[in-house]
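Subject: Structure for you to look at

Dear colleague,

I am passing on the structure we talked about, and I would be glad if you could open it beside this message and follow along. Please take your time with it, and turn the view as you read.

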Amino acid sequence: MGELLLVGLRFVFVFFIYIFVWHVLRLMYLELGFSPAVRARRRPVLVVLDAKNGGLKRGESYPLGENISIGRDNHNDIIINDSHVSARHAEINHQGGEWQLLDLDSTNGTYLNDQRLTGPHSLRPGDKISIGGVTFKVGWEDASRSPVPYRTGAAR
C-alpha cells in the first residue's frame with residue numbers, strides 16, 4: 001500500500017511540474033508579443049536616437065499613422081528645423097499591413113540603415129532613418145501605456 005501511494009504521489013508531482021512549465025511558456029509567449037491581443041496593443045513609433053540639430057530631443061517618440069510627413073515646413077507631422085532638410089523631405093505611408101518610407105526628391109536625401117533611399121522601402125523594427133542631422137529608430141510601443149493617442153492619419 002505504501003509503494004502504491006508513493007507512485008501516485010510521483011505522478012501527481014510530475015503532473016504539477018508539467019502544469020507549471022506550461023504556464024511559464026504561455027506567459028513567455030504572451031509577453032513576447034506573439035499573441036493577437038498583445039500585437040493589437042502595440043503600435044509602430046519613430047524614436048529620436050540622435051538630434052545634432054533640428055529642434056528634436058533625443059528619446060522623443062512619434063507614433064506612425066496612415067500617412068506621416070517629415071520635413072522643415074510647419075505643415076509636416078514631424079518638423080525638423082534643419083537647413084539640410086527639405087520643406088517636404090520624406091513620407092511614411094501605411095500600405096498592405098506595412099509601413100513604407102519614401103524620399104520626396106529631397107536635396108540631401110533620406111537614409112535608411114546608412115543607405116540612401118532611391119525608392120519606397122518597407123520599414124522593420126530596428127531600422128534607422130537619417131534625415132539631416134536627426135536619426136530615428138523604428139520601434140514598437142505599447143499603445144495602452146502611452147498618453148499620446150494613436151493617429152490614424154496625418155494631422156495638419
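Below I go from the chain as a whole to one strand, then to the core, and finally to a loop.

Please keep in mind that this is a predicted model. The protein chain holds two helices and 11 strands, and if you walk along it from the N terminus, you meet the two helices before the strands, since the elements run α-α-β-β-β-β-β-β-β-β-β-β-β. Of its 156 residues, 34% count as buried, while the accessible surface of the chain comes to about 10,200 Å², with 58% of that belonging to carbon and sulfur atoms. When contacts between residues at least 6 apart in sequence are considered, 43% of them join residues at least 24 apart.

A good place to begin is the sheet. Five strands form an open sheet in the order β4-β3-β5-β6-β9, and the pairing within this sheet is mixed. Its edge strands are β4 and β9 (121–122), each of which pairs on one side only. You can see both senses of pairing from β3: this strand runs antiparallel to β5, to which four bridges join it, whereas β3 and β4 (residues 78–79) pair in the parallel sense over two bridges. In this second pairing, G71 stands opposite I79 of β4.

Why can β3 be described as largely enclosed by the rest of the structure? The reason is that four of the five residues of β3 are buried. S69 lies in this strand, which spans residues 67–71, and S69 is buried because its relative accessible area is 1%, under the 20% limit for that word. The bridge partner of S69 in β5 is E91, and the side chain of S69 also makes a polar contact, at 3.2 Å, with the side chain of N76.

Next comes the core. The largest nonpolar core has 22 residues, and those with the most contacts inside it are L46, I78, I80, I92, I129 and F136. At least two residues of this core come from each of β1 (42–51), β3, β5 (90–95), β6 (98–103), β10 (128–131) and β11 (134–142), and β11 gives the most, with three residues. If you select F136 and leave aside its neighbours within four places in sequence, you will find it in contact with several residues, including L46, I78, I80 and I129; Y62 and D127 are also among its contacts.

Finally, please look at a loop residue for contrast. Is D114 buried or exposed? D114 sits in the loop between β7 (111–112) and β8 (115–116), and D114 is exposed because its relative accessible area is 69%, over the 50% limit for that word. The C-alpha atoms of D114 and I129 are separated by 7.9 Å, although these residues are 15 apart along the chain.

With best wishes

Terms used: Residues numbered from 1 in each chain as written. Predicted model: local features only at pLDDT ≥ 70, side-chain atom pairs only at ≥ 80, totals over all residues. Heavy atoms only, no water. Buried < 20%, exposed > 50% of the residue type's maximum accessible area, 1.4 Å probe, protein only. Contact = heavy atoms within 4.5 Å. Areas by Shrake-Rupley, 256 points an atom, 1.4 Å probe, with all protein chains shown as cover. Polar contact = N/O pair within 3.5 Å; in protein donor to acceptor, adjacent residues only side chain to side chain. Core = buried A, V, L, I, M, F, W, Y, C linked by side-chain atoms within 4.5 Å. Pairing = 2+ DSSP bridges.
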